[in-house]
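This briefing is intended for a reader who is meeting the structure for the first time. Please keep the sequence and the model in view while reading the points that follow.

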Amino acid sequence: MTAQQKVNLLGLSRPQMEEFFLTMGEKKFRAQQVLKWIHHHQADSFEQMTDVGKALRQKLSEVAEIRGPKVTHESISRDGTRKWVFEMDNGGAVETVFIPDGRRGTLCVSSQVGCAVDCSFCSTGKQGFQRDMTSAEIIGQVWQASRAFGPRRNLGQHPITNVVMMGMGEPLLNYDKVLTAMRIMKDDLGYGIGKKRITVSTSGVIPKMNQLSEDLDVSLAVSLHAPNDELRNQLVPLNRKYPLKDLMAACKSYSKNITHRHNTITMEYVMLRDVNDKPEHARQLVKLLNGIPVKVNLIPFNPFPHAGYERSRKNDILEFHKYLNDNGVMTTVRTTRGDDIDAACGQLVGQVKDRTRRSERWKESIFHRAEQTDNRSEERRVGKECRSRWS
C-alpha cells in the first residue's frame, strides 16, 4: 500500500481496532496493546511497541500508520493558556486550546476546518467552511497536546482532565467522526476521561442532539446567545431551521436521557453590548429556561477585527448575572482566558479556504446536512423551504 492508503490507527476506537486486527488475521488482544502504546505511551511508530513481535510490527508498518495533525505554531498566554495551530491535509489549519485551572486542565478541541454555521459574533464563522475533520484529526489534537506535556509518570494521572468540543466547527454536523473520537477519549485504553468531563457544544442541531443522547452519555452545552427567536435568528442563523421552542424541547429530552448525576445542560450566552444584555433579555431568558435543568454561562464577548460588536459593560454583565441567579437560574460568568494569544472563546481562526460560496446563499447546506435523509423528494422539499426562508 502507498502512504495515502495506510490506515491511520490514531483514529480507531477499540471495536474498530479489534476489527482491523481480525481482518489482518491477528487476535483481538493486539488492539489493546496498540491502543495503549498510542494513547498511554504516545507512540508514533510501531518500532516503539516492544511487546509486539517484530514480524507484526513490520506487517503493521506496511499497512498502517500513527499520524497526528502537524503542529505549525504554539503559543503560551501569560495566564498559562496554551494554543496550538495544526496544519490539515489538503490545506487549512485549525486551533486547539488548553486551559489550566488548578487541578483541572481543559482541552478545547476543533471538529471542522472552519465552520458553516456563521454565528455573527464568532471569528471562526467569518472564515467560512472547508471540510469536516477525520476522527484521527480530532483525537489527534488530544494526542498531540498530551505529547506536549511529556511522558506521564503515572498512567492514572493526566494533565488533560476535561475535553470540550467547543473549538472550530459545529461538532454535530460532523457527527460520526466526533462520536468515534469521544469514544476514544472515554475508553480506559484511550484517555479514560469520565462522561461528565466531556462536553459537546452545539448551536442547536436537534436531530443529532436526539441521536447523541442515545449513542453516548456525555455533557451537552448549547450556544444559545439570545432569549427570543427574532434576535437569535440574527446571531445564530441555524435558529431559522430549529427555533427556540423546538430547541428547548430537545434540551429537556436530552437532560432526561443522560445518566450521570450532573445532568445539567450548559447554556452559553455571549454578552454583546446593547444587543442581548438588557433587562428584558434577562426576563425572557428566565421564562425560556423554566423547567429545564440548566446552568447559564455568561461569556464576555471577545473582540476580533471587524467584529461589529462590543463587549457588554461590566455592570450590565453583573446585573444580568444577579437577575438570573435571583430567579432560580444557576449562572456563572466565564473568566476570559488566553485573549492575549487570540485563544479566547470565539477568537479561534486557523486558516481556512472557504468552500461555502457565501455569495450563493451557502447557508442552505447547513440545513441539508443537519437533516440527512435518503428520501430524495424530501431533500428537495427541505432545500426549497430553506431557499424561501433565506430569500
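Phe98 in β5 stands opposite Leu107 in β6, and the two strands that hold this pair run antiparallel, joined by five bridges. The model is a predicted one. The points below start from this pair of strands, proceed to the sheet and the chain as a whole, and then turn to the core and one of its helices.

**Strands β5 and β6**

- Strand β6 covers residues 104–108.
- β5 and β6 form a hairpin in which two residues lie between the strands.
- Gly102, in the turn of this hairpin, has a positive phi of about 65°.

**Strands β4 and β5**

- Strand β4 spans residues 82–87 and strand β5 spans residues 93–101.
- The two strands pair in the antiparallel sense, over six bridges.
- Trp84 stands opposite Thr96 in β5, and Phe86 has Val94 in β5 as its bridge partner.
- β4 and β5 also form a hairpin, here with five residues between the strands.

**Strands β3 and β4**

- The pairing of β3 with β4 is antiparallel and extends over six bridges.
- Within this pairing, His73 stands opposite Val85 in β4.
- A hairpin is formed by β3 and β4, with five residues between them.
- Gly80, in the turn of that hairpin, has a positive phi of about 95°.
- Is Ser77, in the loop between β3 and β4, buried or exposed? Ser77 counts as buried because its relative accessibility is 5%, and a residue is buried when that value is under 20%.
- Ser77 and Ile99 are 22 residues apart along the chain, and their C-alpha atoms are separated by 9.8 Å.

**The sheet as a whole**

- An open sheet is formed by 10 strands, in the order β3-β4-β5-β6-β9-β10-β11-β12-β13-β14.
- The pairing within this sheet is mixed.
- Its edge strands are β3 (70–76) and β14 (330–333), each of which pairs on one side only.
- From one strand to the next, the twist averages 20°.

**Positive phi outside glycine**

- Most residues other than glycine have a negative phi.
- Asn90 is not a glycine, yet its phi is positive, at about 65°.
- Asn90 lies in the loop between β4 and β5, in the turn of the hairpin that these strands form.
- Asn90 counts as exposed because its relative accessibility is 69%, and the exposed class begins over 50%.
- Asp118 is another residue other than glycine with a positive phi, near 60°.
- Asp118 is found in the loop between β7 (112–114) and α4 (123–126).
- At 11% relative accessibility, Asp118 counts as buried.

**The chain overall**

- The protein chain has 13 helices and 14 strands.
- Of its 391 residues, 55% are buried.
- Among contacts in the chain with a separation of 6 or more, 68% are between residues 24 or more positions apart.

**The largest nonpolar core**

- The largest nonpolar core has 101 residues.
- Which residues touch the most other members of this core? They are Met182, Met185, Leu212, Met248, Met267 and Leu289.
- Helix α6 (residues 175–186) gives the most to the core, contributing seven residues.
- Apart from its neighbours within four places in sequence, Met182 is in contact with Met165, Ile198, Val200, Leu212 and Leu216.

**Helix α9**

- Helix α9 runs from residue 244 to residue 257 and has 14 residues.
- From its first C-alpha to its last, α9 reaches 20 Å, close to the 20 Å expected at 1.5 Å a residue.
- Which residues of α9 are buried? The buried residues are Leu244, Leu247, Met248, Ala250, Cys251, Tyr254 and Ser255.
- These buried residues lie on the same side of α9 because they cover an arc of only 160° around the axis.
- The exposed residues Lys245 and Lys256 are carried by the face of α9 turned away from its buried side.
- The buried residues of α9 pack against three helices, α7 (206–215), α8 (229–235) and α10 (279–288), and against the strands β11 (219–223) and β12 (265–271).

Definitions and conventions: Residues numbered from 1 in each chain as written. Predicted model: local features only at pLDDT ≥ 70, side-chain atom pairs only at ≥ 80, totals over all residues. Heavy atoms only, no water. Core = buried A, V, L, I, M, F, W, Y, C linked by side-chain atoms within 4.5 Å. Buried < 20%, exposed > 50% of the residue type's maximum accessible area, 1.4 Å probe, protein only. Helix = DSSP H or I, 4+ residues; strand = E, 2+ residues; numbered from the N terminus. Contact = heavy atoms within 4.5 Å. Pairing = 2+ DSSP bridges. Axes fitted to C-alpha atoms, helices over the stretch in contact; angles between N-to-C directions. Expected span 1.5 Å × (residues − 1). Arc of directions from axis to C-beta.
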